[in-house]
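Walk through this model from its overall dimensions down to single residues. Keep the structure open while you read.

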Amino acid sequence: MQKTKTLYLVRHAKSSWRSPQLNDRERPLNERGKRNMPVMANRLADHVSQPDDQFPAPQRILTSPAIRAHTTAVGIATALNHPMDHFHLDERLYFQGVKTLLNLIRSQNSSCDALMLVGHNPDLTDLHNTLCSVDIDTLPTCAIITLLFKLDNWQDLQPDSANLVDFDFPKKELRS
């Protein structure tokens, strides 16, 4: 029987442009980002705590080294009680393109069944649209996409092979 793999794609929370002297990697979260990040982290934690296995806890979290992404990833990891030894900064998540992200995913150990990537647009939107037959226009800030794959090994990942399980973002409840 073929195993399943879960991939969470998380766009960093809203960042501040208040200090134009900061380089892009140093931009922190703005007030909205600081409000939205724990809300989204707790929503995911609520899903993960359910017994239906549709949202397994990520076994490994990889984040862009940019402060806004790293802060978002730490907030989510904290809400999930994620072990920090399975939390890693990865340069490949900082505007390296879809091909690099696909290679990053394919390089993961097959024992990891649930992986989270925390990064930036347009790369994460492009990655989603490559992996899933349901295209989206853009990942809003602090969005969390949950994708499910029928795979034994990440190295077998192919375009258009994902099933979209969930697409959550801070303003989603306003659209309901």
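The radius of gyration of this predicted model is 15 Å. A compact globule with 176 residues would have a value near 16 Å, so the chain agrees with that expectation. Along the principal axes, the C-alpha atoms fill a box of roughly 55 × 35 × 30 Å. Burial can be put in figures too. Of the 176 residues, 47% count as buried.

Next, the secondary structure. The chain has 5 helices and 6 strands. Read from the N terminus, the order is β-α-β-α-β-α-β-α-β-β-α. Two strands therefore follow one another just before the final helix, as that order shows.

Now turn to helix H1, which covers residues 31-48. Arg35 lies in this helix. Is Arg35 buried or exposed? Its relative accessibility is 53%. Exposed means over 50%, so Arg35 counts as exposed. Arg35 also belongs to a patch of positive charge on the surface. The other members of that patch are Lys14, Arg32 and Lys171.

Move on past H1. Where is Ser49 found? Ser49 sits in the loop between H1 and strand E2, the strand of residues 60-63. Ser49 has a relative accessibility of 53% and therefore counts as exposed. Leu80 is 31 residues apart from Ser49 along the chain. In space, the C-alpha atoms of Ser49 and Leu80 are separated by 8.9 Å.

Notes:
Residues are numbered from 1 along each chain as its sequence is written. This is a predicted model: local features need pLDDT of at least 70, side-chain atom pairs count only at pLDDT 80 or more; totals for chains, interfaces and linings use all residues. Side-chain values use heavy atoms; hydrogens and water are left out. Patches are made of residues with over 30% relative accessible area and no salt bridge: like charges are joined within 9 Å, nonpolar side chains (Val, Leu, Ile, Met, Phe, Trp, Tyr) within 5 Å. Accessible areas come from the Shrake-Rupley method with a 1.4 Å probe; for residues, only the protein chains shown count as cover. A salt bridge is a side-chain nitrogen of Lys or Arg within 4 Å of a carboxyl oxygen of Asp or Glu. Lys and Arg count as positive and Asp and Glu as negative; His and the chain ends are not counted. The place of a charge is taken as NZ of Lys, CZ of Arg, CG of Asp or CD of Glu. Helices (H or I, at least four residues) and strands (E, at least two) are DSSP runs, numbered from the N terminus. Buried means under 20% relative accessible area, exposed over 50%, partly exposed in between (1.4 Å probe, protein chains only). The radius of gyration is taken over C-alpha atoms; the globule rule is 2.2 Å times the number of residues to the power 0.38.
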